[in-house]
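Here is a short note to help you find your way around this structure. Have the sequence and the model open side by side, and take the points in order.

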Amino acid sequence: MHMTIERYALGPMANFIYLLVPSLGDRLAVVDPAWDPAFLLARAAELGRPITDILLTHHHADHSNGVEALLAAHPARVHAQRNELPQLRGRAWAQDLVLHDHGDVIDLGADATVQLLHTPGHTPGSQCLLCGDVLLTGDTLFIDGCGRCDLPGGDAEAMYRSLHDILGKLDGHVRVLPGHDYGPQPEATLDDQKKTNPYMGFQTNRDFFDYRMRPRG
Ligand SMILES: [Fe+2]
């Protein structure tokens, strides 16, 4: 995979925003642009590339409140999972959306591709982005945590299936890069997460559900 992934911690909610920079060509993708679009635009200028693609792991504002400002400067495609459309339809940039299904591949050129994995649970259209041996997990999987399932559209049973049946089946060497800096370190491998992340350890949907939906202190 000929792509550099840059990680930036931006905003008041410990978000991680990622830039996908193919080693050749002039494409540039931003994952979950939020909080500081001026910084992201300045970084694109430093790289000497237009922002050609915006990839959303899900619709929540803390992952997308910078989209409009980026589009004002660059006519990028905005990629989202199809089931997120009801929550995105009202955005000013809805006409720029490219809707995707599980398994779709976004080709950023120069042998740089992103495979989209539909991982509902935090929201109906949450998706993880597989770039070679790197997985951008949005609010599906955090380091030693996972996204809330008690917000509108949340579904703990779907989250169990996403973690157990989709992410849990990927190669253990895959590096997890989450959408928030909520863990003891910014990234870890899936093998490590199977050992230390309590949400990865459940063998039944019921046990997962009871733990995920336990009263929050
Ligand atoms: Fe979220």
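Is D150 buried, partly exposed or exposed? Point 2 has the answer, after a word on the model.

1. Before you start: this is a predicted model, where local features need pLDDT of at least 70, side-chain atom pairs count only at pLDDT 80 or more, and totals for chains, interfaces and linings use all residues. Residues are numbered from 1 along each chain as its sequence is written, and side-chain values use heavy atoms, with hydrogens and water left out.

2. D150 is partly exposed, at 38% relative accessibility. On this scale, buried means under 20% relative accessible area, exposed over 50%, and partly exposed in between (1.4 Å probe, protein chains only). The partner of D150 in a salt bridge is R148, with 3.0 Å from N to O. A salt bridge here is a side-chain nitrogen of Lys or Arg within 4 Å of a carboxyl oxygen of Asp or Glu. R148 is partly exposed as well, with a relative accessible area of 33%.

3. How many salt bridges does the structure hold? There are 8. As background, side chains of opposite charge can pair when their charged atoms come close. One of these bridges joins R175 to E187 at 2.8 Å, N to O. This pair links distant parts of the chain, since R175 sits in strand β13 and E187 in the loop between β13 and β14 (188-189), 12 residues apart. Helices (H or I, at least four residues) and strands (E, at least two) are DSSP runs, numbered from the N terminus. Both partners are partly exposed: R175 has a relative accessible area of 31%, and E187 is at 22%.

4. Please look next at helix α1 (residues 37-47), where E46 and R43 are 3 residues apart and so separated by about one helical turn. Their closest N and O atoms are 2.7 Å apart, in a salt bridge. E46 counts as exposed, at 61% relative accessibility. E6 joins R43 and E46 in a network of salt bridges.

5. Now for the interior. The largest nonpolar core (buried Ala, Val, Leu, Ile, Met, Phe, Trp, Tyr and Cys residues joined through side-chain atoms within 4.5 Å) has 22 residues. Among those with the most contacts inside this core are L135, L163, L190 and F208. Two elements, β9 (127-131) and α4, give two or more residues to this core. The largest share, 4 residues, comes from α4.

6. V30 is worth finding too. This residue lies in strand β3 (residues 29-31) and is buried, with a relative accessible area of 1%. The C-alpha atoms of V30 and L55 are separated by 6.2 Å, although the two residues are 25 apart along the chain.

7. Which backbone angles deserve a second look? A14 has a positive phi of about 55° although it is not a glycine, and D32 also has a positive phi of about 55° without being a glycine. A14 lies in the loop between β1 (3-10) and β2 (15-22) and is partly exposed at 29% relative accessibility. D32, in the loop between β3 and α1, is buried at 3% relative accessibility.

8. One residue to finish with is D171, in the loop between α4 (156-166) and β13 (175-178). D171 counts as partly exposed, at 48% relative accessibility.
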